[in-house]
Amino acid sequence: NAKIPVLPLVKGISKTKQAIFLYIIAFVIATLSLTIFGYTGYVYAAIMIILGIVWLKLAYHGFGTTDDVGWAKNIFKASLMIFCLTISLNFFLI
């Protein structure tokens, strides 16, 4: 109703899933670069690798699902949890 062009409406669900997968890869690389440049420790990097793998696995399952709405809700919840954990871990592990 708001006439705001969002990716699923403009490009479709398939392209949106591809974009989500690529953005998660970029996010994982960005979080790991914090360790590479000395801003965080190796414990943080190890935890972020594990969380990144879990998040990528969840996103990958979206390519084979027929329940796009349920998958989208799960990927959104996972992203919120991972962002919150990232901020918390960074605070406690520095």
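**Figure 1. The largest nonpolar core of this predicted model has 13 residues.** Welcome to the inside of the chain. Within this core, the residues with the most contacts are I24, F27, M48, W55, I75 and I82. Where do the core residues come from? At least two are supplied by each of helix 2 (13–36), helix 3 (42–61) and helix 4 (68–93). As general background, nonpolar side chains in soluble globular proteins tend to be buried together.

**Figure 2. A closer look at I75, a residue of the core.** Which residues does I75 touch, once those up to four places away in sequence are set aside? The partners are I20, I24, W55, L58 and A59. Two of these names, I24 and W55, also appear among the core residues with the most contacts.

**Figure 3. The whole chain, for orientation.** The chain has 4 helices and 0 strands, and from the N terminus on its elements follow the order α-α-α-α. Its C-alpha trace spans about 45 × 30 × 20 Å along the principal axes. How much of the chain is buried? Of its 94 residues, 26% count as buried. The accessible surface amounts to about 6800 Å², and carbon and sulfur atoms account for 73% of that area. Contacts also link distant stretches of the sequence: among those between residues at least 6 apart, 62% join residues at least 24 apart.

**Figure 4. A nonpolar patch on the surface, made by I4, V6, L9 and V10.** Here we move to the outside of the model. The patch covers about 410 Å². One of its residues, L9, belongs to helix 1 (residues 7–10). Is L9 buried or exposed? L9 has a relative accessibility of 72%, so it counts as exposed, the cut-off for that class being over 50%.

**Figure 5. F21, Y60 and F63 form one aromatic cluster.** The structure holds 4 aromatic pairs. In one of them, F21 and F63 meet edge-to-face, with 5.9 Å from centre to centre and 65° between the planes. What does this pair tie together? F21 sits in helix 2 and F63 in the loop between helix 3 and helix 4, so the pair links parts that are 42 residues apart in sequence. Another pair joins Y60 and F63: the ring centres are 6.1 Å apart and the planes lie at 70°, so this pair is edge-to-face.

**Figure 6. The same three aromatic residues, F21, Y60 and F63, seen by their exposure.** How exposed is each member of the cluster? F21 counts as partly exposed because its relative accessibility is 22%. F63 also counts as partly exposed, at 41% relative accessibility. Y60 is exposed, with a relative accessible area of 55%.

**Figure 7. S33 in helix 2 and its distance to A45.** How far apart are S33 and A45 in sequence and in space? They are separated by 12 residues in sequence, and their C-alpha atoms are 8.9 Å apart. S33 is partly exposed, with a relative accessible area of 21%; a residue would need to be under 20% to count as buried.

How values were computed. Residues are numbered from 1 along each chain as its sequence is written. This is a predicted model: local features need pLDDT of at least 70, side-chain atom pairs count only at pLDDT 80 or more; totals for chains, interfaces and linings use all residues. Side-chain values use heavy atoms; hydrogens and water are left out. A nonpolar core is a set of buried Ala, Val, Leu, Ile, Met, Phe, Trp, Tyr and Cys residues joined through side-chain atoms within 4.5 Å. Buried means under 20% relative accessible area, exposed over 50%, partly exposed in between (1.4 Å probe, protein chains only). Contact means heavy atoms within 4.5 Å. Patches are made of residues with over 30% relative accessible area and no salt bridge: like charges are joined within 9 Å, nonpolar side chains (Val, Leu, Ile, Met, Phe, Trp, Tyr) within 5 Å. Accessible areas come from the Shrake-Rupley method with a 1.4 Å probe; for residues, only the protein chains shown count as cover. A salt bridge is a side-chain nitrogen of Lys or Arg within 4 Å of a carboxyl oxygen of Asp or Glu. Rings of Phe, Tyr and Trp (its six-membered ring) pair if their centres lie within 6.5 Å; planes under 30 degrees apart count as stacked, over 60 as edge-to-face and the rest as tilted.
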